[in-house]
Amino acid sequence: MEQTWTKAEELGKTIREYINNRTDQLKLTAAEKTAVLVSLLLAAMIIAAFFVFAVLFLAIALSVYMGEIFGALYFGFLFTAAVILVLGMIVWIFRKQMIQYPLMNALLKHLFTEEEQEENDEEDSI
C-alpha cells in the first residue's frame with residue numbers, strides 16, 4: 001500500500017513538472033512570436049518612412065517640373081496634388097486586395113511556417 005502511495009506521489013510530481021514545463025514553453029513561444037511580430041512591424045515602419053520621404057521628394061520635383069511646363073508653379077503643385085488624390089482614391093478602393101490581404105497572408109505565413117518547422121523537428125527527433 002505504501003509503495004502505491006509513493007508511486008502516486010511521484011506521478012503527481014511528474015504531472016506538476018510537465019504542466020510547469022508546458023506553461024513555460026507556451027510563454028516562451030508567445031514571447032518569441034511577439035518579438036518576431038514587433039520586429040517585422042518595426043522594419044516595415046522604417047521602410048514605409050523611407051518610402052514616404054522618397055514619394056514626397058518625387059512629388060515636389062514633379063510639381064516644380066509641371067509648374068515650369070504650365071508656366072506657373074502653383075499649377076504644377078495643383079496638378080501633382082490631383083494626381084496624388086486620384087492615386088489615393090484608387091488605393092483606398094482596392095485597399096483590401098492591395099494591402100490588407102497580402103499583409104495578413106505574409107504575417108500568418110511567417111508565424112505558422114516556423115511553428116510547423118518546429119513540430120516537424122520534434123517529430124524527427126523522436
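Trainee: How many helices and how many strands are there in the protein?

Mentor: Good place to begin, and keep in mind that this is a predicted model. Read along the sequence, the protein follows the pattern α-α-α. The count is therefore 3 helices and 0 strands.

Trainee: What share of the 126 residues in the protein is buried?

Mentor: A residue is called buried when its relative accessible area is under 20%. Of the 126 residues in this protein, the buried ones make up 7%.

Trainee: How are α1 and α2 oriented to each other: roughly parallel, roughly antiparallel, roughly perpendicular or oblique?

Mentor: Helix α1 covers residues 2–70 and helix α2 covers residues 73–93. Their axes come within 6 Å and cross at roughly 130°. An angle over 145 degrees would count as roughly antiparallel, and 65 to 115 as roughly perpendicular. The crossing angle fits neither, so α1 and α2 are oblique.

Trainee: Is the crossing of α1 and α2 left-handed or right-handed?

Mentor: Look at the place where the two helices meet. In α1, the residues involved include Ala59, Leu62 and Ser63, and among their partners in α2 are Leu73, Thr80 and Ile84. The crossing of α1 and α2 is right-handed.

Trainee: Is Thr80 buried or exposed?

Mentor: Thr80 is part of helix α2. Leaving out residues up to four places away in sequence, Thr80 touches Ala59, Leu62 and Ser63. Its relative accessible area is 4%, so Thr80 is buried.

Trainee: How far apart in space are Leu73 and Ser63, C-alpha to C-alpha?

Mentor: Leu73 also belongs to helix α2, and its relative accessibility of 48% makes it partly exposed. Not counting residues up to four places away in sequence, Leu73 touches Ser63, Val64 and Gly67. Leu73 and Ser63 are 10 residues apart in sequence, and their C-alpha to C-alpha separation is 7.3 Å.

Trainee: How many aromatic pairs does a search of the whole structure find, and what kind of pair do Phe70 and Phe79 form?

Mentor: The search of the whole structure gives 2 aromatic pairs. In the pair of Phe70 and Phe79, the ring centres are 5.8 Å apart and the planes lie at 70°. Planes over 60 degrees apart count as edge-to-face, so Phe70 and Phe79 are edge-to-face.

Trainee: What kind of pair do the rings of Tyr74 and Phe75 make?

Mentor: Here the ring centres are 4.6 Å apart, with the planes at 40°. Stacked needs planes under 30 degrees apart and edge-to-face needs over 60. The angle between Tyr74 and Phe75 meets neither condition, so the pair is tilted.

Trainee: Which is the exposed residue and which is the partly exposed one, Tyr74 or Phe75?

Mentor: Exposed means over 50% relative accessible area. Tyr74 has 53%, so it is exposed. At 39%, the label for Phe75 is partly exposed.

Trainee: Which residue has its charged end over the ring of Trp92, and how far is that end from the ring centre?

Mentor: Trp92 offers the ring in this arrangement, and the charged end belongs to Arg95. The distance from that charged end to the centre of the ring is 4.0 Å.

Key
Residues are numbered from 1 along each chain as its sequence is written. This is a predicted model: local features need pLDDT of at least 70, side-chain atom pairs count only at pLDDT 80 or more; totals for chains, interfaces and linings use all residues. Side-chain values use heavy atoms; hydrogens and water are left out. Rings of Phe, Tyr and Trp (its six-membered ring) pair if their centres lie within 6.5 Å; planes under 30 degrees apart count as stacked, over 60 as edge-to-face and the rest as tilted. Buried means under 20% relative accessible area, exposed over 50%, partly exposed in between (1.4 Å probe, protein chains only). A charge sits over a ring if NZ of Lys or CZ of Arg is within 6 Å of the ring centre and within 35 degrees of the ring normal. Axes are lines fitted to C-alpha atoms, for helices over the stretch in contact, and angles run from 0 to 180 degrees between N-to-C directions. Helices (H or I, at least four residues) and strands (E, at least two) are DSSP runs, numbered from the N terminus. Angles under 35 degrees count as roughly parallel, over 145 as roughly antiparallel, 65 to 115 as roughly perpendicular and the rest as oblique. A crossing is left-handed if the near helix is turned anticlockwise from the far one by less than a right angle, and right-handed if clockwise. Contact means heavy atoms within 4.5 Å.
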